[in-house]
Amino acid sequence: MESTAPASKPIFSNKSLVQLMIPLVIEQLLLMTVGMADTMMVTTAGESVVSGVSLVDSINILIINIFSALSTGGAVVVAQYLGRREPENARSAAKQLLYVALLASLSLMGAALLLRAHILRLLFGDISPQVMNSALIYFLLTAAAYPFIAVYNAGAALFRAMGNSKVSMVNSLIVNTINIAVNAVLIYGFDMGAAGAGIGTLTSRIAAAVIIGVMITRPTLQVYVDDLFHPRLQWQMVKSILRIGVPAGIENGMFQIGKLLVLRLVTSFDVGVDLALKGSAVAANAICNSVAGFINVPGQAVGLSMVTVIGQCMGAGDHEQTVGYAKKLMKVSYLAMGASCLCLFFASPVLVPLFNLTPATAAVAIRVLRSCAVFTTIFWPMSFTMPNALRAAGDARFTMVVSLLSMWICRIGMSYLLSPAWGFGLGLLGVWLAMYCDWVVRAGLFLIRFLRGKWQEHQVI
């Protein structure tokens, strides 16, 4: 496919790509610790508090992913306008993103505050009064933070669309510091349990939103927001944002729901027929998910970079550079994740005992982590980094359909098929094998889509 506006020089230098990606890696690592800090610090308050906080965090992750998807839609639109060298339209799109994010977050906050008890019972069934009380308190405080999370995500996405990821990295550091400090005072000093964790989260989210909200109004920026308190929706731009954000939001939301369904299956292994895994499946699965989350960070950072780089190239109408940068960033993702997975494969026997697991649980965790290292190296980047290139070009509906079908058929369907209830006896390893099957299908379909080039034919703006 010929470029409609060939660039005389590279749109992004190697130096600018490195400056974009390294802060994103650090930011992703910092963001992973926010929820973990709440859970870890409330362990002193008792099991019911830990359970309540953990249950609500699984819901909050779903909500945050929806905000991230909307922000991705806005970032794609802004990046494409910047690629077209239309800064005025980019600034208008930035303002529309903030309005959409605020409206969505206020709606979700209202629903959570009014229906939080019903939501908890619907998702988790009958839970003990002590756990429910802690969950309700924590849910109340963290739901109040939804608008601030939405503003932060939108602001961070706008800075990334400009190629500046340092701002969100520094902001994440501030969020973590405030969250941990407030948690320490209220949980350890005043014995406030779930309320202390919730106040810490709310305070840190407010600070993050205020800081990034003030920074995005600076007129010296390439994209800034002004006159925010005189709202005027521009429906064409809103539609462009939602055309990317809604499919991505559905994809992210259903992905988290699928993970909850698989987790529910894993809990049944403890009382199931798989005696070799009896009492160890849930603990091993939790450890493996935590470790796997860290080794995925390089690929996630490259995926976020894709939105900026591919978005600007598509906006400039330079399809040759679009494909070239997509290939280059995929190589970076494979190299970075290959290195981290190689370390994980050989370090698993040393790493797992640090969690003080029983020998049976440790053996299961090591086996799963080593299989994860192998399949992540080969299939994860193509399954989860590559789709961001397609989304940045406007091909969000295709990625949504593939992801949903693959998840429900492979990850969820095969997890139940390979469970002890069907006689296969693979237990936890069967669940992870089903997940790998999901990755293989996604990777194959996304690679075919990329090579055929049809993803470049979409028009976002």
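Which residue takes a positive phi just after helix 3? The legends below belong to a predicted model, and the first of them gives the reply.

**View 1. Helix 3 and the residue that follows.** G125 comes just after helix 3 and has a positive phi of about 70°. Helix 3 covers residues 87-124, which makes 38 residues. Its end C-alpha atoms are only 47 Å apart, whereas a straight helix would reach 56 Å at 1.5 Å a residue. A kink of about 80° is found in helix 3, with its centre on L115.

**View 2. Two loop residues with positive phi.** Most residues other than glycine have a negative phi. R85 is not a glycine, yet its phi is positive, near 60°. R85 sits in the loop between helix 2 (47-83) and helix 3. With a relative accessible area of 75%, R85 is exposed. D191 is likewise not a glycine and has a positive phi of about 55°. The loop that holds D191 runs between helix 6 (166-189) and helix 7 (193-215). D191 counts as exposed because its relative accessibility is 62%, and the cut-off for exposed is over 50%.

**View 3. A salt bridge within helix 3.** Side chains of opposite charge can pair when their charged atoms come close. R91 and E88 form a salt bridge whose closest N and O atoms are 2.4 Å apart. The two residues are three apart in helix 3, so about one helical turn separates them. R91 is buried, at 16% relative accessible area, whereas E88 is exposed, at 53%.

**View 4. A salt bridge between helix 3 and a loop.** D226 and K95 meet through their side chains in a salt bridge of 3.9 Å, N to O. D226 lies in the loop between helix 7 and helix 8 and K95 in helix 3, so the pair ties together parts that are 131 residues apart in sequence. D226 is partly exposed, at 40% relative accessible area, and K95 is buried, at 16%.

**View 5. A buried pair and a network.** In the salt bridge between R391 and E251, the closest N and O atoms are 2.6 Å apart. R391 belongs to helix 12 (residues 359-392) and E251 to helix 8, and the pair links distant parts of the chain, 140 residues apart. R391 and E251 are both buried. Elsewhere, R411, D438 and R442 are joined into one network by salt bridges that share partners. The whole structure has eight salt bridges.

**View 6. A nonpolar surface patch.** I257, V401, L405, W408 and I409 make a nonpolar patch of about 450 Å² on the surface. Helix 13 (residues 396-417) gives the most to this patch, with four residues. I257 lies in helix 8 (residues 235-269) and is partly exposed, at 33% relative accessibility.

How values were computed. Residues are numbered from 1 along each chain as its sequence is written. Side-chain values use heavy atoms; hydrogens and water are left out. Patches are made of residues with over 30% relative accessible area and no salt bridge: like charges are joined within 9 Å, nonpolar side chains (Val, Leu, Ile, Met, Phe, Trp, Tyr) within 5 Å. Accessible areas come from the Shrake-Rupley method with a 1.4 Å probe; for residues, only the protein chains shown count as cover. A salt bridge is a side-chain nitrogen of Lys or Arg within 4 Å of a carboxyl oxygen of Asp or Glu. Buried means under 20% relative accessible area, exposed over 50%, partly exposed in between (1.4 Å probe, protein chains only). The expected span of a helix is 1.5 Å times one less than its number of residues. The bend at a residue is the angle between axes fitted to the seven residues ending there and the seven starting there.
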